[in-house]
Each structure stands twice: as structure tokens, then as C-alpha cells.
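Please open the structure in your viewer and keep the selection panel at hand. The stops below indicate what to select next and what is to be found there.

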Amino acid sequence: MLSDTEVEYIAKLARITINDAEKEKLKKDLSAILDYIEKLNKADTSSVEPLYQTTGLVNATRIDEPRGEFPMNDKLEGLLIGQAPARKERFVKVKSILNKK
Amino acid sequence: MLEKNHTIKSAREALKRRDFSVEELFNHYHQRIVEKNKDLNAYLTVFENCLPTGDLPKGEKLKTENSKSPLWGIPVAIKDNMLIEGTRTTAGSKILENYISAYDATVIKKLRSAGAVFLGKTNLDEFAMGSSTENSAYGPTKNPLDTSRIPGGSSGGSAAAVAGDLAVFALGSDTGGSIRQPASMCGIVGLKPTYGRVSRHGLIAMASSFDQIGPLTKTVEDSAIVLNVLCGHDIFDSTTVNNAVPDFTAALNDSIKGLTIGVPKEFFGTGLSPEVEERIKTTITKLKDLGCKIKEISLPNFEYALAAYYVAVPSEISANLARFDGVRYGYSAKDGENLIDTYFKSRTEGLGAEPKRRIMLGAYALSSGYYDAYYLKAQKVRALIKKDFDEAFKDVDVIVGPTAPNTAFKIGEKASDPLALYLEDVYTVPVNLAGLPAISIPCGLGTESKMPVGFQIIAKPFDEATLLRVAHQLEQALK
């Protein structure tokens, strides 16, 4: 069973705030899932290379030149920048990282 | 003329005969949605007009009903995690409640060029995480065959729309069974193409080394018709391969006599309901009647597949969903004191329970000190699963078994136990781990639940032609 501290730590990593009721539920749910996942330890993987994807494609590169498929215009700018909660002209406005004294 | 339950093929033929116009066909389906959607909650957004965002393919008019395209004028439903320019895409989440798509997904562009018309966007488990469509922030979708039951998930809205004849066909996405399992629950055909076949550009990412888009249709032939349109290399998705794309409808009617069908003995262990087992075994005898050789095979690492999946997928989710931070788009908490507080509040208020659970699980699996034990171990087991399939395919042409261990269960029945719900994916996730193509076709009703049972067929990578041929021949034999 995960401890309170562990669940709080994981929530912090995930940038999620949890209340006490959620903490209890998550402790139970995550522990059950982790217990189930434990069975992986029974699989002998001593001489196995990990498989991260299945196509076998490696380094899909292209010439570093603009392709021009998404020409910027007022409409696209509106859809991309226009959906930000805070803006200044053509820029997304972001809250301060450090608190003001 | 506009009789119930058109397939792509029957609708195309009727359009060519001028039995009805494209507009009449669209309006017929639109009207059905208006009438039935309040009972099913299959659609989250319903488009009022035949072409919501305008542009017809160059040089063509919608009234030209003799176009050679097999999808010309065909009304389609789109899972609400694919972008259609200028329209809302929610991914079933509150965090994207007001999000307007900035561009067309590649699959949407392809359908648009082929002349398909969009009916609306369908409900799904939040960010496609779930097997019942109960995890949607917009309420559960109901199974059209029995509205007290789930339609499966996560493409439950798309499956319900097709099964309830609120669309001629639909698109879904499949990360661990999200096309095949709802197709199974609703008694329709669901195809997950090989990983790398279809571009995911404009699909809201869940687990990028697994996600694949595919069709939900009423027949196998329709599935082949749609796949023909969807697949191909895309410069916007570098995981798409440059393989030759055959005409998947060409060989559907060829005999499957002499093919070897693999039946993994591990598929018939504990957890498989007797009524599903009975239908699957009966269906395998049909394949024998069609002249196939039936061969028992073994996938020795099958028992580890679900565990590996539920490490690898949440890990990718925790990375992919980091972008929902309340800064550029989507829900943003107004009262954040600073940047990190905005992240916390926007995610806490905007995301539902299942995405939070999986993000946390993934963050844990990837965290310092646990990476080797969870993430790396799961990727090694993934290699074992792939190897099991590679070995099996040396002796067999396709592998068959159940799509899901149970038929559609009651809404709410498994809602409180995430692990019980995860176990519903046990037969579908190994296919995604190995990147293989697979299809679910209906093979009759369970004797107890009287709900549809899905028969899953799995093929070698990029061998959708054989997959669809076996499925089509079996579908005809089951009629």
C-alpha cells in the first residue's frame, strides 16, 4: 500500500492537487494497480532489449527549411494565439514564475 | 428510399441511382441524431450543415453525385479527439470544453477530399482513457441495443452512432482496444490498422507509441473502403511508414481455403465468460468449414501484456498530458497566484478522475528510483510480447480469439473499480503493444446476456489485406 507521503509526492509530480478523500481513493486504486503490475517481475527479461516502438523507423529527419503548410494569417493566429487565456498583441501572456515581494 | 441502416456501399449505390441526394442523405441522418441522441448521448457536437467548415474539394460540387470516390456524400461521425478546423474538440474533457480546432487532422483532410460529409463529433472516455465511455465529462453513452448497458469504449460514441444508425460509419482511435472493444459491445465492425499505417496528426495524443486511428463500420467491406482512404505516409506524423498501400477491397472475395488460423491457448483461461467462449469456439469451427487449418498456438508472455500496457501507457500519458497547463489553450484557472499555481489549479479543476489516476501512475513509473523497475521493465516485456507474435506468425496467417472477455455490462457496474475495467482490455492490448493490425467482427449474441460477442482477428504487420479478407469471408459465412 502506498503511503500518504508517496501519494502526495506523486500528485505533486503530476501537478495535481488532491484532497483527503481523493488521497484515500487514490491510495487504494493506485496500490491495487501497482500490485497487479508486480507480476511483471515474474517475466524473465535478463537478455531482452526494451522495445519503445514497433515500426523500426529511426530518426525521421527532413531538410531544415520552412515547408509553408501552415501560412500564418489572422484566422490561424486567432485560433492558435486567440485561445490563450491571457494575451498581449500576438503573444501568449504567462503569469510570473516568482512571486512579487 | 432512405430506408434504415445504410452501409457505405448501399448509400453510394443509391446516390449514384439518384434515389436521394447528398443533402437528403445528410438531413436524414441529422434528423435521426436530433431524435435519438438524447437517449444515447453518442454525439457531443452535431453539425447543422452538410459541410460545417466549408471547403469542397477543388473543382467538385456536392451535387455531383456520380463522383468515383467511394465515400462521396457519405455521412460520417468523428470521435471527438480528432480536429476539424473551426469546430469544437473536447476529447471528452472539461479542460477542452471550449477548445476550437485550429486545423484539420490529416484523416479529416483525407475524408474531406474523398467527399465524406461530417455529421458531428462523438462521445468518448476522457482523453480516450476507458473501456465503457463512462469516463466522459459529458455523461455516459448508452448502448443502442440495450440502453442500460455500456457501449464499450473509449470510442463508445462512434460505436453507438454506427450501431444505432446515427451515421453510416465513424472514425475511432485505438490505444489498447478503443475501436475493437466498443465495436464488439455494439455488434459492429471495428478495425485497428497497423501502427504506422494512418497519420495521427490532429489526433489528441494519449499514448503516442500505441495510438492508431481506424474505422467503425457496419460491414467488413466498408472497413476496407475507409482504410483505403485513411492510410499513407504523412509528413506531419513521422511515425507513418512509406509502405505501398494496396487496394484493400480487391481481394475480399478471394477464398481463404488453406490459410492457417492460430488459436492461442492463453486466450481461453480464467476471466473469459462462458457465453463469449461458446460463441468464439463456434465461430472458429466456421473458419474450419471455410477450409482453414486451425492450429493451437502459444503466446507464452500473454499474461504479462496487460501489466506492461498499464505501465507504458500511463507513462506516455503523463508526458503527453503535461501540455494541459492552462497557459496556451483550454481551461485556465483564473485565480492562480503564479505560473505553477495556475498549472496546479487548471489541471486539478479541468481533468477528471481517470486521467488524473493515469497521469499519477505514469509520473510514478517514470520517477527517479522507479524507472528501471516499472518503465524499463514494461518495455522489455513489450519486446517479449512482440517476439511471441513474431514466432507465432511463422506458422500461421492470422490469429483469432475473443475481442473482450465479457459482453456489454451494465452502466455503473464496474465504475468504482478501475482495475476491473482495465481487465476488459486483456485481449486487445497485446495487439497494440506489438503494433499489429486487428479487427473485431460480430459473431452472434451471448446466450445469457443476449448482447453481441466480438470475434477478434489479428494479422501480421501491414497485412490488413489478409486480415480483411478473412474477416469478410467469415462475416459472409456467419450471415
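**Stop 1: a helix crossing between the chains**

The crossing of helix 2 of chain A and helix 8 of chain B is left-handed, a crossing being left-handed if the near helix is turned anticlockwise from the far one by less than a right angle, and right-handed if clockwise. Helices (H or I, at least four residues) and strands (E, at least two) are DSSP runs, numbered from the N terminus. This is a predicted model, in which local features need pLDDT of at least 70 and side-chain atom pairs count only at pLDDT 80 or more, while totals for chains, interfaces and linings use all residues. Residues are numbered from 1 along each chain as its sequence is written, and chains are lettered from A and ligands numbered from 1 in the order in which they are written.

Select residues 302-320 of chain B, which form helix 8, together with helix 2 of chain A: their axes come within 9 Å and cross at roughly 125 degrees. Axes are lines fitted to C-alpha atoms, for helices over the stretch in contact, and angles run from 0 to 180 degrees between N-to-C directions. The two helices are therefore oblique to each other; angles under 35 degrees count as roughly parallel, over 145 as roughly antiparallel, 65 to 115 as roughly perpendicular and the rest as oblique.

Next, display A:Ile33, A:Tyr36 and A:Ile37, which meet B:Ala307, B:Tyr310 and B:Val311. Two residues are in contact if their C-beta atoms, placed from the backbone, lie within 7 Å. The residues of this helix contact divide into 6 nonpolar, no polar and no charged. Here Ala, Val, Leu, Ile, Met, Phe, Trp, Tyr, Cys and Pro count as nonpolar, Asp, Glu, Lys and Arg as charged, and the others, Gly among them, as polar.

**Stop 2: the whole contact**

Widen the selection to the full contact, which takes 40 residues from chain A and 53 residues from chain B. On the side of chain A, helix 1 (4-13), helix 2 (20-37) and helix 3 (74-80) each give two or more residues. The largest share, 7 residues, comes from helix 2 of chain A.

**Stop 3: the sheet of chain B**

Now colour the strands of chain B. They include an open sheet of 11 strands in the order 1-3-2-4-6-5-10-11-9-7-8, with mixed pairing; two strands pair if DSSP finds at least two bridges between them. Strand 1 (43-46) and strand 8 (293-297) stand at the edges, each with a single partner strand, so one side of each lacks a neighbour in the sheet.

Select strand 11 (residues 452-459) of chain B. Is this strand enclosed or open to the outside? It is largely enclosed by the rest of the structure, because 8 of its 8 residues are buried, that is, 20 or more other C-beta atoms lie within 10 Å of the residue's own (exposed if 12 or fewer, partly exposed in between; C-beta atoms are placed from the backbone). Strand 9 (residues 398-402) of chain B pairs with strand 11 in the antiparallel sense over 5 bridges, and 6 bridges join strand 10 (residues 438-445) to strand 11, also antiparallel. Centre on B:Phe455: B:Pro402 is its bridge partner, and B:Ile441 stands opposite B:Phe455.

**Stop 4: a buried lysine**

Finally, select B:Lys79, found in strand 2 (residues 75-79) of chain B. B:Lys79 counts as buried because it has 31 C-beta neighbours inside 10 Å. Residues that B:Lys79 touches include B:Thr122, B:Ser155 and B:Leu171.

Notes
Lists of a residue's contacts leave out its neighbours within four places in sequence.
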